[in-house]
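Trainee: I have never read a model like this one. Where do we start?

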Amino acid sequence: MTPRIDDINKQRKEKLERLRGRGINPYPNNYRQTLTTREAIARLEAAEAGNKSQQDEKPVSLAGRITAMRKMGKSSFLDIRDGSGKIQVLVQHPALTEELAELFKDLDIGDILGIEGNLLRTRTGEPTVSASNFTLLAKSLQPLPEKWHGLSDTETRYRQRYVDLIANADVKEVFRMRSRIIEAVRHFLNDRGFIEVETPVLHTAAGGALATPFVTHHNTLDQDMYLRIALELHLKRLIVGGLDKVYEIGYVFRNEGISTTHNPEYTLLETYEAYADYKDVMKMVEEMFYQVSLNVLGTGEITYGDNKINLKPPWQRLTLRDAVRKYSSIDYVEYPTADGLREKMRSKKIEADPKKNWAKLVDELLKTCVVPSLIQPTFICDYPVSMSPLAKNKPGKKRVVERFQPYAAGLELGNAYSELNDPLLQRERFVDQMKERLGDNEERWTIDEDFLTALEYGMPPTGGLGIGIDRMVMLLTNQQSIREVILFPQLREKP
């Protein structure tokens, strides 16, 4: 803390002790509100419009944080803010009891206060509560930032999200919107006959995606375990078991990079539908984004950055090969080796990491050349099998699988497959995947044997989907960083 903050903190602690010395509890157990600030303003407006009732004559009880204090002669005005908004409070000092007058002297901006009084509108037109009584509900020992209304320091905002929420009403609205978006997604899926389930966070094998896991240790079982990197393998076990439409919205953990679109822990939606393929899922995705936008925003046309985006189905569909050829002038099928593709990329001035294999180079072409141009909603479809070990081949295509990824505003929003349900082929692909990542040392492999056993019982044709909820919220709330839609994003610990 700075010396100035230390001094303010000391003064507030002294006020706290004075309050306690007068027998006032600065942190009482409860307080009974009759209205929120928004409801109080609505009641005042209704009374002014002639819709007055006996209830409107009664004093109201409100509660909120003091965000401004103004002394004007024998009166003071406070602004208090609760979760619904703010309202002005009029305190007329001559009318105060001695006890309330002393209490008022020890109030500070940031304190949480209960107010009782009548509603009125001042000569300046401000909705106001004329306080007949007030109660201190929580003494604030820390001052709000000097420019708290408009706090913009991102380091403070993310590390002290509670201060950010106090300071920035628009931040509160983003997280209210997040809640409504998730609720709308659930409603959409439930209406289609899906059931929501919960699967384990701790896994004995890290599977369902290509990602580096977080490792932990289970003391009682005396074994290492992994925080899940995907929801997929347990949800497909449920499809095997006869739950034909399932979904889960849950945290997954990937021990990888942090950026404006990546957080090591994030919220993932996964859905699985028996007897469906990726085309069915594609149709569901475009309908889901459109319906969620209509339900939450009231429109299917949104703004993201400088772009107007129309979510109304049908969305554009491009094969991965056509998209890469269109935006990079490279047909990767003509360069079937990593060295050949890398040389072609470099001839086009496209960065090509010498350590990346062929599949990762194709992915680099997608991310570098294609994705920035995908502003309007687009499905990129039909990926090489080497990029998609959990997806089913297109009929008659040995090297292409039924997979798509939805994009909008240059954001990758998810991933979907016609799920591979051949247990022998799935084992081959898992083994190839492990060899590529970890070499021939089988002791280091993390193949989920129980999942393969489940497949051997028979899994029906299934369409599977993963949608990054955080990115969906970014898109629908016009936020350019994933940290703006995660209440407590991961940050490096302060030294």
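Mentor: Start with exposure. A residue is buried under 20% relative accessible area, exposed over 50% and partly exposed in between, using a 1.4 Å probe and protein chains only. This is a predicted model: local features need pLDDT of at least 70, and side-chain atom pairs count only at pLDDT 80 or more, while totals for chains, interfaces and linings use all residues. Residues are numbered from 1 along each chain as its sequence is written, and side-chain values use heavy atoms, with hydrogens and water left out.

Trainee: Is Arg427 buried or partly exposed?

Mentor: Arg427 counts as partly exposed, at 32% relative accessibility. Its salt-bridge partner is Glu449, with N and O 2.8 Å apart. A salt bridge needs a side-chain nitrogen of Lys or Arg within 4 Å of a carboxyl oxygen of Asp or Glu.

Trainee: Which helices hold Glu449 and Arg427?

Mentor: First, the terms. Helices (H or I, at least four residues) and strands (E, at least two) are DSSP runs, numbered from the N terminus. Now the case. The salt bridge of Glu449 and Arg427 measures 2.8 Å, N to O. Glu449 lies in helix H14 (residues 449-456) and Arg427 in helix H13 (residues 423-438), so the pair ties together parts that are 22 residues apart in sequence. Glu449 is partly exposed too, at 39%. Salt bridges can also share partners: Arg12, Lys15, Asp108, Asp111 and Lys139 are joined into one network this way.

Trainee: How many salt bridges does the whole structure have?

Mentor: The search finds 33. One of them joins Glu48 and Arg121, whose closest N and O atoms are 2.7 Å apart. Glu48 is in helix H2 (residues 37-48) and Arg121 in strand E4, so this pair ties together parts 73 residues apart in sequence. Both ends are partly exposed: Glu48 at 44% and Arg121 at 33%.

Trainee: Are Glu232 and Lys236 buried or exposed?

Mentor: Glu232 is buried at 5% relative accessibility. Lys236 is buried at 0%. Their side chains meet in a salt bridge of 2.9 Å, N to O. Both lie in helix H8 (residues 232-240), four residues apart, about one turn of the helix.

Trainee: What does His234 touch?

Mentor: Contact means heavy atoms within 4.5 Å. Leaving out residues up to four places away in sequence, His234 touches Thr199, Pro200 and His203. His234 also sits in helix H8. His234 is buried, at 19%. Take a pair far apart in sequence next: His234 and Gln426 are 192 residues apart there, and 15 Å apart in space, C-alpha to C-alpha.

Trainee: Now the strands. How do I read a sheet?

Mentor: Strands of a sheet pair through backbone hydrogen bonds, either parallel or antiparallel. Here, two strands pair if DSSP finds at least two bridges between them.

Trainee: In what order do the strands of the closed barrel run?

Mentor: The five strands run E1-E2-E3-E5-E4, with mixed pairing. The twist averages 50° from one strand to the next. Axes are lines fitted to C-alpha atoms, for helices over the stretch in contact, and angles run from 0 to 180 degrees between N-to-C directions. Within the barrel, strand E4 (residues 112-121) and strand E5 (residues 127-138) run antiparallel, joined by ten bridges. Leu119 has Val129 in E5 as its bridge partner. Helix H4 (residues 98-105) packs on the sheet, touching E1 (60-72), E2 (75-82), E3 (85-92) and E5, and its direction makes about 80° with that of E5.

Trainee: Which strand pairs with E12?

Mentor: Strand E13 (residues 307-310) does: E12 (residues 301-304) pairs with it in the antiparallel sense over four bridges. Glu301 stands opposite Asn310 in E13. Two residues lie between the strands of this hairpin, where Gly305 takes a positive phi near 60°.

Trainee: How many aromatic pairs are there?

Mentor: Rings of Phe, Tyr and Trp (its six-membered ring) pair if their centres lie within 6.5 Å; planes under 30 degrees apart are stacked, over 60 edge-to-face and the rest tilted. The count is seven aromatic pairs. Phe104 and Phe134 make an edge-to-face pair, 6.2 Å centre to centre with 65° between the planes. Phe104 lies in helix H4 and Phe134 in strand E5, so the pair ties together parts 30 residues apart in sequence. Phe104 is buried at 10%, and Phe134 is buried at 3%. Elsewhere, ring pairs link Phe289, Trp315, Phe379 and Phe404 into a cluster.
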